[in-house]
Amino acid sequence: MSELSTKISTILIVDDLAANRNSMAAMLEGPDAQILLAESGEQAIELYRQHRPDVILMDIVMPGVDGIEATRRIKEEAGDRFVPIIMVSSSEHEAVIRKSISAGGDDFICRPFSTEILKQKIYAIQRISKLYGEIRELNSIRNREEEVAEQLFSGAVEQGNVCLDQVKLHKQPASTFSGDVQLTARRPNGDLNVLLGDFTGHGLTSAVGAIPLAETFRAMTAKGYEAEDILKQINSKLSTLLPTGMFLAAAFVTISQDGYCSLWNGGMPDILVLSPEGDVVLRIESSDPPLGITLRLDQLIVKRVTLDAQSRILMVSDGVLEARNLEGDYFGEKRLLWAAKQGCKEEQLIKRVTRAVELFSRGHVQEDDISLIEVPAHLDLEEVPVAGAVQAPGETIEEGARWEWRIRLHGSNLKRLNPVAIGMSHLQEIEGPSDHWHDVFTILTELYVNSLDHGVLQLSSEMKASPEGFAEYFSEREQRLNAISPDSYIELQLTHIKEFDGGRLFIFIQDSGEGFPFDEWLSKEPNSNEDAQPKLSGRGITLIRELCESLHYYDDGRCAEAEFVWRS
């Protein structure tokens, strides 16, 4: 028994016949082996609780609690711990073997058997037990490492989210790592971008693209890019990074300070716009493929609408709709809409929906990550705190130091590129972050939109006087951009001059359009309320004059010069 005793410390022999118990004990006795004897299933269970034996030899046919039932109970009590049980019987009938294995038996031996056969059975089961222990320890180490990694990962990806006092997020991973990503960030003009993404599958593998996704989303949002530009860049990055067969379904929402909302859906469940009573007033279905499948996305379908200020936008991952109960039924959209309606009435939309999913799927293992985002149609978009300009220790910038940046876009590049975001990127890279760039972004945006929409494309602001006209405006804008002449152009130039207590930024913009009657807008006082057109008609010039030191139009409105001054 020397080889056996070095590997096994405790063996429990269970048999209602003393002769059988003693015979097996004699076969296995040794100086280092502790033999425990039980004459019934009840006694076997009790001895297991007291001693936790390394191997159990279990007779099948016994009065009272037989070996099948005793095995089942011991396995239940053991839980994740592997307790090898060798079933012992005088019958080799298939039904006996099947019942033994179904109850949790790990091996089977039929009487009569020799000492050598019994020892070899125990040696084999010992090897399995050792491997099981090693795997369990490795899994424990991996789980601990994943928990630490997930904490670091979540911090890197979602810690920078903003506006969480108004935007409600809920995430329930199916494993340690979630393949769902929830991101929020503000553009320099205060607009809020919200993204809900769902990588293929779940767990660590599905999360490999989350960090580059978050970095691209935040960097491009901070530079003022529109949703379409951000989504195209994310797609380009993921298509080169993700392995074959892996992609990102995503939903993207922009809430603007101007009262409009942009929505896009690529492979996600419908984005729902809900009334205060919980009725669906707008549904944004998936109109484009998920991100990361193809290298290029030439044109994305971004829906631009104006919403009632009391509306709510609900974004969910497919883990919500595909949650299942014990009968195998899916939660589905019908139950989602019912729970959302009740939640809107109670002003607890996310809480009500997640509770409904929990009650529906109780008892069923969660198969996919569950994510929900609730975005109010009207947000209090106060200015984003921005750190001061970055300056290396001991670095001094000479007063009067000057740099210039210029870009000239022709034809289809006016649709493809955003010079405002590109210019803001250069400004921030050269001068570092600053509270003042919010105003600069607003000035550049208003000047560029005026040149493109009303100069080059010859669109009338009067079209935006109503929600219907607003949608028509953007539709007509898209058509005219698609048919733009190669001779059309816009030139933008920035000139930055450092001053002792701040700086000056001179902005020059020129377009190839037919101009516009700028005099009637310049003649108004900056705070005049004479304009009968709501929201956007003439708003840009008025706003620029309020923010700038000076604003001049010439060449029939085709050229504009603005001077922006700030003090430290």
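**Notes on the predicted model: sheets, helix pairs and confidence**

1. Let's start with the helix on the second sheet. Helix H11 (residues 349-360) lies across S6, S11, S14 and strand S15 (370-376), and its direction makes an angle of about 160° with S15. Please keep in mind throughout that this is a predicted model.

2. The sheet under H11 is worth tracing next. It is an open sheet of five strands, ordered S6-S15-S14-S11-S12, with antiparallel pairing. Strand S6 (168-172) and strand S12 (280-284) are its edge strands, each pairing on one side only. From one strand to the next, the twist averages 15°.

3. Within that sheet, here is one pairing to look at closely. Strand S11 (residues 271-274) and strand S14 (residues 312-316) run antiparallel and are joined by three bridges. If you want a register marker, Leu274 has Arg312 in S14 as its bridge partner.

4. Now for the other sheet. It too is described as open, with five strands in the order S7-S8-S9-S10-S13 and antiparallel pairing. Strand S7 (180-186) and strand S13 (303-306) are at the edges with a single partner strand each, so each has one side without a neighbour in the sheet. The twist here averages 15° from one strand to the next.

5. At the S7 edge, the partner is strand S8 (residues 192-199): the two run antiparallel, with seven bridges between them. A handy reference point is Gln182, which stands opposite Leu196 in S8.

6. Two helices lie across this sheet, and I would view them together. Helix H7 (residues 210-222) lies across S7, S8 and strand S9 (248-255), at about 15° to S7. Helix H8 (residues 227-241) lies across S8, S9 and strand S10 (260-266), at about 160° to S9. Both S8 and S9 are therefore listed under H7 and under H8.

7. How do H7 and H8 meet each other? Their axes come within 10 Å and cross at roughly 155°, which makes H7 roughly antiparallel to H8. The crossing of H7 past H8 is right-handed. On the H7 side the contact is made by Pro212, Leu213, Thr216, Phe217, Met220 and Thr221, and on the H8 side by Asp229, Ile230, Gln233, Ile234, Lys237 and Leu241. Sorted by class, the contact of H7 with H8 has seven nonpolar, three polar and two charged residues.

8. A further helix pair lies later in the chain. The axes of helix H13 (residues 419-431) and helix H14 (residues 437-456) come within 10 Å, crossing at roughly 155°, and that angle makes H13 roughly antiparallel to H14. H13 passes H14 in a right-handed crossing. From H13, the contact uses Pro419, Val420, Met424, Leu427, Gln428 and Glu431; from H14, it uses Trp437, Val440, Phe441, Leu444, Thr445 and Tyr448. The contact of H13 with H14 comprises nine nonpolar, two polar and one charged residues.

9. While you have H13 on screen, please look at Ile422, which lies in that helix. Ile422 and Tyr225 are 197 residues apart in sequence, yet their C-alpha atoms are 8.3 Å apart in space. Leaving aside neighbours within four places in sequence, Ile422 is in contact with Tyr225, Trp405 and Ile407.

10. The H4 and H5 pair makes a useful contrast. The axes of helix H4 (residues 67-78) and helix H5 (residues 94-103) come within 8 Å and cross at roughly 20°, and H4 and H5 are therefore roughly parallel to each other. Their crossing is right-handed. Ile68, Thr71, Arg72 and Lys75 in H4 meet Lys99, Ser100 and Ala103 in H5. By class, the contact of H4 with H5 divides into two nonpolar, two polar and three charged residues.

11. Finally, a word on confidence. The protein chain has a mean pLDDT of 85, with 88% of its residues at 70 or more. Over residues 383-395, however, pLDDT stays under 50, and the model has 18 contacts beyond four places in sequence for this stretch. Residues 528-538 also have pLDDT below 50, with 15 contacts in the model beyond near neighbours in sequence.

Conventions
Residues numbered from 1 in each chain as written. Predicted model: local features only at pLDDT ≥ 70, side-chain atom pairs only at ≥ 80, totals over all residues. Heavy atoms only, no water. Axes fitted to C-alpha atoms, helices over the stretch in contact; angles between N-to-C directions. Helix = DSSP H or I, 4+ residues; strand = E, 2+ residues; numbered from the N terminus. Parallel < 35°, antiparallel > 145°, perpendicular 65-115°, else oblique. Left-handed = near helix turned anticlockwise from the far one by under 90°. Contact = heavy atoms within 4.5 Å. Nonpolar A, V, L, I, M, F, W, Y, C, P; charged D, E, K, R; others polar. pLDDT = per-residue confidence, 0-100. Pairing = 2+ DSSP bridges.
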